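Visitor: I have a structure in front of me and I would like to learn how to read it. Could you walk me through it?

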Amino acid sequence: MPHIDIQCFPRQLSDEVKQALADDITAAIVRHLGSKESSVSVALNEVDPDAWKTRVWDTEIAPQIETLIKKPGYDM
């Protein structure tokens, strides 16, 4: 039951672009994890740039930096 939670700066994405993103991510999860398409859920949460450090970096990225399978190319 993979759930993908994408957190990013605000974007002006159409519903079609959001759906294409979800479809691409779902296809990758199905291909690499062998999940059923119906088991995958994807969320897109926009985070204000001023809140990124406290809402995302300090709580989600930094505490697990050593176990991330893709580390960010920036440091806070």
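Guide: We will go through a helix, its aromatic pairs, a strand residue, a loop residue and a pocket. Please keep in mind that this is a predicted model.

Visitor: Let's start with helix α2. Which of its residues are buried?

Guide: Helix α2 covers residues 52-61, and its buried residues are Trp52, Val56, Trp57 and Ile61.

Visitor: Why do those residues line one face of the helix?

Guide: Here is the general idea: an α-helix has 3.6 residues a turn, so residues three or four places apart point the same way. In this case, looking down the axis of α2, the buried residues fall within an arc of 85 degrees, so they line one face.

Visitor: What covers the buried residues of α2?

Guide: The cover includes β1, residues 3-8. The helix residues also belong to the largest nonpolar core, which has five residues: Val47, Trp52, Val56, Trp57 and Ile61. Take Ile61 as an example: setting aside neighbours within four places in sequence, it is in contact with Trp52, Val56, Leu68, Pro72 and Tyr74.

Visitor: Now the aromatic rings, please. How many aromatic pairs are there in the whole structure?

Guide: A search finds two. To read a pair, look at the distance between the ring centres and then at the angle between the planes; an angle over 60 degrees counts as edge-to-face. For Phe9 and Trp52, the centres are 5.5 Å apart and the planes meet at 85 degrees, so this pair is edge-to-face. It links distant parts of the chain, with Phe9 in the loop between β1 and α1 and Trp52 in helix α2, 43 residues apart.

Visitor: Is Trp52 buried or exposed?

Guide: Under 20% relative accessible area is what we call buried. Trp52 has 12% relative accessibility, so it counts as buried, whereas Phe9 is partly exposed at 36%.

Visitor: What about the pair formed by Trp57 and Tyr74?

Guide: That aromatic pair is tilted, with 5.3 Å from centre to centre and 45 degrees between the planes. Trp57 lies in helix α2 and Tyr74 in the segment after α2, so the pair ties together parts that are 17 residues apart in sequence. Trp57 is buried, with a relative accessible area of 8%, and Tyr74 is partly exposed at 35%.

Visitor: How do I read a residue in a strand, such as Gln7 in β1?

Guide: Begin with its accessibility, then look for its contacts. Gln7 has 17% relative accessibility, so it counts as buried. Its C-alpha atom is separated by 4.9 Å from that of Asn45, although the two residues are 38 apart along the chain. Leaving aside neighbours within four places in sequence, Gln7 is in contact with Asn45, Val47, Trp52, Arg55, Val56 and Glu60.

Visitor: And where is Ser39?

Guide: Ser39 sits in the loop between α1 (15-33) and β2 (41-46). With a relative accessible area of 18%, Ser39 is buried. Not counting residues up to four places away in sequence, Ser39 touches Met1 and Pro2.

Visitor: Last of all, what volume does the largest pocket have?

Guide: Its volume is about 540 Å³. With a pocket, the next step is to ask what lines it. Here there are 14 lining residues, and the closest to the centre are Asp5, Ile61, Leu68, Lys70 and Pro72. The elements giving two or more residues to the lining are β1 and α2, and α2 gives the most, with four residues.

Technical notes. Residues numbered from 1 in each chain as written. Predicted model: local features only at pLDDT ≥ 70, side-chain atom pairs only at ≥ 80, totals over all residues. Heavy atoms only, no water. Buried < 20%, exposed > 50% of the residue type's maximum accessible area, 1.4 Å probe, protein only. Arc of directions from axis to C-beta. Contact = heavy atoms within 4.5 Å. Core = buried A, V, L, I, M, F, W, Y, C linked by side-chain atoms within 4.5 Å. Phe/Tyr/Trp six-rings, centres within 6.5 Å; stacked < 30°, edge-to-face > 60°. 1 Å grid on protein atoms, 1.4 Å probe; cavity = no way out; pocket = protein on both sides within 12 Å on 5 of 7 lines; lining within 4 Å. Points joined across faces, edges and corners; volume = space filled by probe spheres on them.
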